[in-house]
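Q: I should like to learn how to read the features of a protein model, one at a time. Could we work through an example together?

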Amino acid sequence: MDEYDAEIPALIAESLADARPGRVPVSRYSFAPRLPRQTHPDDPPEPSDPPEPSDPPGPDGPHARTAVDEVLPVLRRMRAELGRESVGRIRFPRYRLVGWLLAQSFADEDADRDADRDRVLLQRLRERERSRRDTAGGDLPDLGGTAANLAVRWLRILTPRVWFRLKVTGRLPGPFGAEFAWLRVEAHRARNGPESVLAFAERLCEATAQNRAIQEFHAKLLVGAFLADLRQAYRRRRLRALRRTAYPVALLEGVDERNGGFRFLDLLSDVRNETALFDPLLVIAVSDSVPPRLRDCSLEDPARPTGIDAPLQSYEDWSGRLANDSRESLPTAWYLSFVISTPLPVPDDVAPGADTLQTRYFLETRNALERARHFTLDPPPLWCRRWFIRVAAVLIAAGVLLGATIPLRISSQDDARWRTAHCGLDRHHPDAATLSMIGNECVGLSENRYPFTDPQGTLVPVEQQIYQQNKDAETQHEKNPSRPYAAIVYLLGLTSSGPPAGSFTSERSELLGVAAAQHAQLAAGTHDGPLTRVILANGGEHVQHGPAVADMLSRRSRESPPVVAVLGLDESRDKTVETIRRLTVTGIPSIGVTLSADRLADASKMYFQVSPQNRREVAVGAAFVKNVLASRAGLAPEVRILYSADPSDDYSSNLAADAEKLFGAPGVGFRIEATEAFAPDSWTSAEHVDAPSADDVGRQACGFPGVIFYAGRNIDFETVLHSINLHCQSAPPVIIGNDAISRYVAEATKRREFPAVPYYYLSFSADKEPCEPESALYAELRGIFPAECGPNNDSFLDGSTSLAYDSVQTVEGALRNIAASQVPIGPAAMWRELSDIHGANAIDGESGLIDFGGRLEQQTPTDKFIAVMEVVDGGLPQSRASCGRRHGWHANAWCPVGG
């Protein structure tokens, strides 16, 4: 090889090293004379590399070089130079595995049988794997404890063994043992059929150097492994686009037939034809002779392109034929040859303006070489550049994070708003959709254990008992679906919009009656008795949000079991009337429990009540004054009526109007001295600011010689008594209070506060003693709330428990009649059966007989029980008279009948 031949590879290497925008990976190898074996400081030790043979002897020597000997030095040099960190650290696991297997031998082992050879090979492979792992991971750390060390060592011993046995099968997916998976494919190709990796590896180890065919197969296997590793390194990665954009170049110098250079090129071409797979390696071989496979092809063909552009045209022609030639396995398919002539000497007449053929050729050649010295790669597309990929990855990650964070934040804020609007309940809570925060009150429906909590915490135990009994009712209905099953809503004011003006004793008493009635249904044990599911509803203070609850029921009424009635309603106010009308629009009948205002029955034909009306209450009070108190010495025949100035308190204003009419009626013998409205203590309205306070009317009552008829609320009654006790406790006036005073009397602490001021009051359901033994109501209460029958419990004085119990019994009786009529259970059927409660169907309840008179237009009970009670010295109230029908009681002869 002359000086010009040696200069060509150097020029090419220099141009590739100075390439822009980045250097091209280059490996340079000289066949003869051999270049000194250079090592690079970054080259890592590779103990599994096959040993490189010594310099070859002549072809006629006693030990001629084999095909493996020809390819190993070239491949090893390329592996060392292309595997450096500075060019991207390409790894060659397949090549190293094949080279290691070819270096193995069983000559020194006691391995005569196949099983012994398998065992020996497996052991060597395991030692090779352990050596590579220990080199990368180091020794086991000292964990300080014998037990801990032992555990880690066993994990380290057992897990790699299992993993290794799976790995050498060549069946692990992805990057796990990729070299063994590739070897499994090659074994299949070599045998044209299935063969295990171990069996194929064993054949590689035991092959003899004398078999030229086997040696050539081994050489091809080494070349194929090397190309497969390059192919893997240059594969397109889904997340990293093109990791490497400049293919590696192998520069081979001094290639000829004697030093094995042409044989290497032939093996490389054959492997590419056989695999028909892409590989990124470009081999540039420089030789002063024609390769044997191209000797039949004339390089001086006149049809070949000539001139400066000849190489480019030749490349285009060759690339157009490559796919077809490779598919036909032509031995010359991968060869592209160029003839590089010796450059002409520099002409003497190269001068400005010189124009000779020699001068033009020299200038063209010099310019072409100058362009080659500044070899420039086409810049990769923007999206394939490393900085762009990194920036895009960061932006995408930030976008994904932001896109995930914003919805989460919005969702979190939305969930927070939801919880705030729905009484602190999450969206998945079954009661969340029917509970809403209005102001600072949780208003709506609860049938799944949401607790409406009063400041004293007395409501929650009763609510939880009802929720548990709802589950029991559902269970009994599932066992016997033929039993009538319906839902009722019990609506009360279970919260306060501000500091509570009083306790929730009356509300708790009503819930006790509901729980007792439901418990009686569950304990009856009948196969046809009705079952009810109780839905608790909070309409807020004074049921001011009752209409909103009625609107919620329009959705709940379509669920199962159907809502057939709304009970309770708490107080007779304007909002209560609006609630009744809203329920009528929804098609659900309502039943007042303690309500008594006259106009409630006029609000809807679907409204009923188990308590008497105001007009009957006043009639009983007037009859008592006329027949009992009139004969009292020193009592003037005058009546002063005190009522609430709150315009929304329909109960108080209606009761005062009835009192003014009936007390002043002819034949009573009394005249109305005054009907005076007072401002309630809890009233914050700017209207009627000129009205006296409850304290004022109490002070003004001192010295009044007639009867004070109190038609206000129980909360303000305490203020009136306080004022009378303060100003005239030695000579208090005669006081008759309405049924609302029952709530005040039921709280022993308040009742005993003013023992010097006696008073009468009207009661809808006064009991003679706590937990009367003959009472079905208190028999149930003893079973679920034994403390209610204690000697210091005065809640029975309220009468609300009996009325609530009777309201549920009324619904139960209607459900029995619906079931007997064999019509579907629903609110319409309930309304029809409620109208039919009279005569034999009348309810003989704990608060008295409930009989609606058998007339469609009558919605209140006829001749309902009312008692006149007296409190003296703050003690337990005593009965002074009673009217109406109730078991265990006898009506006075002077009682009004009807109404």
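Q: Is arginine 533 buried or exposed?
A: The model is predicted, and its values should be read accordingly. Burial is judged by relative accessible area, with under 20% counted as buried. Arginine 533 has a relative accessible area of 10%, so this residue is buried.

Q: With which residue does the side chain of arginine 533 meet in a salt bridge?
A: A salt bridge is assigned when a side-chain nitrogen of Lys or Arg is within 4 Å of a carboxyl oxygen of Asp or Glu. The partner of arginine 533 is glutamate 447, at 2.8 Å from N to O. Glutamate 447 counts as buried too, at 16% relative accessibility.

Q: Where in the chain do glutamate 447 and arginine 533 lie?
A: Glutamate 447 belongs to the loop between strand 5 (441-446) and helix 13 (460-479), while arginine 533 is in strand 7 (residues 531-538). The pair is 86 residues apart and links distant parts of the chain.

Q: Which residues are joined into one network by salt bridges that share partners?
A: The network consists of Asp414, Asp415, Arg417 and Arg427. One of its salt bridges is formed by arginine 427 and aspartate 415, whose closest N and O atoms are 3.0 Å apart. Arginine 427 sits in the loop between helix 12 (386-421) and strand 4 (435-438), and aspartate 415 sits in helix 12, so the pair ties together parts 12 residues apart in sequence. Both residues of this pair are partly exposed: arginine 427 has a relative accessible area of 43%, and aspartate 415 one of 24%.

Q: How should a salt bridge inside one helix be read, and what separates arginine 189 from glutamate 186?
A: The general idea concerns helical periodicity: an α-helix has 3.6 residues a turn, so residues three or four places apart point the same way. In helix 6 (residues 178-191), arginine 189 and glutamate 186 are 3 residues apart, which is about one helical turn. Their side chains meet in a salt bridge of 2.5 Å, N to O. Arginine 189 is partly exposed, at 37% relative accessible area, whereas glutamate 186 is buried, at 13%.

Q: How many salt bridges does the structure hold?
A: The count is 36.

Q: What is the strand order of the sheet that includes strand 7?
A: A sheet is described by its strand order, its pairing sense and its edges. Here the order is 4-5-7-6-8-9-10, in an open sheet of 7 strands with mixed pairing. The edges are strand 4 and strand 10 (607-609), each of which pairs on one side only. On average, neighbouring strands of this sheet are turned by 25° against each other, direction ignored. Within the sheet, strand 6 (residues 485-492) and strand 8 (residues 563-568) run parallel and are joined by 5 bridges. Alanine 487 stands opposite valine 563 in strand 8. Helix 26 (residues 827-835) packs on the sheet and touches strand 8, strand 9 (590-592) and strand 10, its direction making about 55° with that of strand 8.

Q: Which strands stand at the edges of the sheet ordered 12-11-13-14-15-18-19?
A: This is an open sheet of 7 strands with mixed pairing. Strand 12 (671-678) and strand 19 (878-883) are at its edges, each with a single partner strand, so one side of each has no neighbour in the sheet. The twist from one strand to the next averages 20°. Strand 15 (residues 759-763) and strand 18 (residues 866-871) pair in the antiparallel sense over 5 bridges. Tyrosine 761 has methionine 869 of strand 18 as its bridge partner. Helix 20 (residues 694-701) packs on this sheet, touching strand 11 (638-644), strand 12 and strand 13 (707-710), and its direction makes about 155° with that of strand 12.

Q: What span does helix 25 reach from its first C-alpha to its last?
A: A helix may be checked against the span expected at 1.5 Å a residue. Helix 25 (residues 800-821) has 22 residues and reaches 32 Å, close to the expected 32 Å. The helix is mostly covered, with 16 of its 22 residues buried. Glutamine 822 follows helix 25 and has a positive phi, near 55°.

Q: What percentage of the residues in the chain is buried?
A: Buried residues make up 48% of the 899 residues. The chain contains 26 helices and 19 strands.

How values were computed: Residues are numbered from 1 along each chain as its sequence is written. This is a predicted model: local features need pLDDT of at least 70, side-chain atom pairs count only at pLDDT 80 or more; totals for chains, interfaces and linings use all residues. Side-chain values use heavy atoms; hydrogens and water are left out. Helices (H or I, at least four residues) and strands (E, at least two) are DSSP runs, numbered from the N terminus. The expected span of a helix is 1.5 Å times one less than its number of residues. Buried means under 20% relative accessible area, exposed over 50%, partly exposed in between (1.4 Å probe, protein chains only). Two strands pair if DSSP finds at least two bridges between them. Axes are lines fitted to C-alpha atoms, for helices over the stretch in contact, and angles run from 0 to 180 degrees between N-to-C directions. Contact means heavy atoms within 4.5 Å.
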